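Open the model in your viewer and keep the sequence panel visible. The tour moves from one selection to the next and says what is found at each stop.

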Amino acid sequence: MNDLSEIHVEVVGVEPPCKKCQATLKNVEEVASELKTSGCNIRVSKLNMASKDVIAKYGVLVSPSLVVNGVVKIVGRVPDKKEVERILRATTK
Amino acid sequence: MLIFIFFTIGYLIYSRIMAYSLAPTMKPADFHGLSIWEIPVAYLIDYFSHGWICLLFAFVAAGLVYVFVPKEVITKYMGGSKVTGYGLALGMAPFLTVCSCTMVPLFAGVLYTGAGIGPAMAFLLMAPASNILSILLTGEIISWELAGVRIIASATVALTAGIVISRTPWGKAIEKEHQQSGSTAQTAIEIVKPPLDERLWESLKFAGSLGKQILPYFLLGLVAVSYVEAYLPEDIVGTYLTGVTGILIASIIGGPLYTPTLVEIVLGKGMWDLGMSKGALLSWLMGQPYDVANALAVSRIVRWKVVLTYMVIAWAGSVIFGLTYGMLSGSL
């Protein structure tokens, strides 16, 4: 895994976050902190799917959605930690 | 793992087909001798001893649909031509809103991509009325005929409201506000598809969480219905819930009353057992889209004029369809 790159992960969901958004965010944050110990820099942010900036950037998404480095990877379901890790590792290949 | 899951789902489908008539068998008259504590218990036992397979099937089906329908279709194609917009809104709405928290944000989303206020409104009205779980439950608890009619009626009302609102001056004003100057750059989408057995397992898990979420309300609803069936005199139902009066009353109460879909379906079944007409029952169920809480949430996105417009259209739709269905089925 490329240690110098930063991965920007955005969890897109409703505001205030519903259970699914919270679950997704929690999984992503836990994987991010685990991977940080092996030197990867992962920035996690939570976006509001109904905000105009998010829609201008990504269009209509179904909550919860996962965007990694500007590419929409998951729409409308909660990924478990294994899957989040798989996606993040694949991103910097 | 895969084989296990295929087997479980196959078995559920098989048992559902085999156990075709699993409705509760107690009639209102049966309740008259029971004490006030025994009524809900008797009703619940009667209901669950027959109905648990249907419920299980409905939740599993909803779970499967939710996981396997490609939700990114909305992201990819919304914002194209108006026709695509309406088609997507009506077609995807039933599958997208099994989790009710997303309904209003999705409506906002469709509006803000510049897809137009028409498709956004069509989505907003189609979603609560025809989401896959409420259709399945209407079918299981009341009748499949009603479920089918419900889909057609909701789709027509949603489409009409969308088109009408997009022609009104206040609707057009909102659309202008959100017109995207130049098309949005194509969103980069590379959806990750997990292996089949993981997705099947996820469907089952989702079905379970739906069940956990919904069952408490469902039980409350059943308790309420048991009292309704026991105490509401049948002649009142006969006078007020049949015929044109019935349709009008049902559409007026069924609308603004903020009850979870499930409770509305169960209460509807209770009233039907007591003699409510099919027409009035449809009007009652179609009241979903215009409840007060929904309206409040939406009014923060589009102004009240639009909200009132769609509420009136939805109400008119439920009355018209109630009348039509009542007349066509001979049960006005």
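Helices here are DSSP runs of H or I with at least four residues, numbered from the N terminus. By that rule, select residues 292-299 of chain B: this is helix α15, and V292(B) lies in it. The model is a predicted one, so read each stop as a description of a prediction.

**Stop 1: V292(B)**

Is V292(B) buried or exposed? A residue counts as exposed if 12 or fewer other C-beta atoms lie within 10 Å of its own. V292(B) has 12 C-beta neighbours inside 10 Å, so it counts as exposed. Now add I214(B) to the selection. This residue is 78 residues from V292(B) along the chain, and the C-alpha atoms of the two are separated by 21 Å.

**Stop 2: the whole of chain B**

Colour chain B by secondary structure. It has 16 helices and 0 strands. Of its 332 residues, 47% are buried. Take the contacts in chain B between residues at least 6 apart in sequence: 85% of these join residues at least 24 apart.

**Stop 3: helices α5 and α6 of chain B**

Select residues 103-115 of chain B for α5 and residues 117-130 of chain B for α6. Two packed helices are described by the angle between their axes and the distance between the axes. For this pair the angle is about 165° and the axes are 8 Å apart. An angle over 145 degrees counts as roughly antiparallel, and α5(B) and α6(B) are therefore roughly antiparallel to each other. The crossing of α5(B) past α6(B) is right-handed.

Show the side chains where the helices meet. On α5(B) they are M103(B), L106(B), F107(B), V110(B), L111(B) and A115(B). On α6(B) the partners include F123(B), L124(B) and P128(B). The residues of this contact comprise 13 nonpolar, no polar and no charged.

**Stop 4: where chain B touches chain A**

Keep α5(B) selected and show chain A as well. How many residues does each chain bring to the contact? Chain B brings 26 and chain A brings 24. On the side of chain B, the elements that give two or more residues are α3 (72-77) and α5. The most come from α5(B), with 7 residues. By class, this side of chain B has 16 nonpolar, 7 polar and 3 charged residues.

**Stop 5: strand β1 of chain A**

Select residues 6-13 of chain A, which form strand β1. Of its 8 residues, 6 are buried, so β1(A) is largely enclosed by the rest of the structure. Add β2(A), residues 41-48: the two strands pair in the parallel sense over 8 bridges. To see one bridge, pick I7(A) and its partner in β2(A), I42(A).

Definitions and conventions: Residues numbered from 1 in each chain as written. Chains lettered and ligands numbered in written order. Predicted model: local features only at pLDDT ≥ 70, side-chain atom pairs only at ≥ 80, totals over all residues. Axes fitted to C-alpha atoms, helices over the stretch in contact; angles between N-to-C directions. Parallel < 35°, antiparallel > 145°, perpendicular 65-115°, else oblique. Left-handed = near helix turned anticlockwise from the far one by under 90°. Contact = placed C-beta atoms within 7 Å. Nonpolar A, V, L, I, M, F, W, Y, C, P; charged D, E, K, R; others polar. Buried ≥ 20, exposed ≤ 12 C-beta atoms within 10 Å, placed from the backbone. Pairing = 2+ DSSP bridges.
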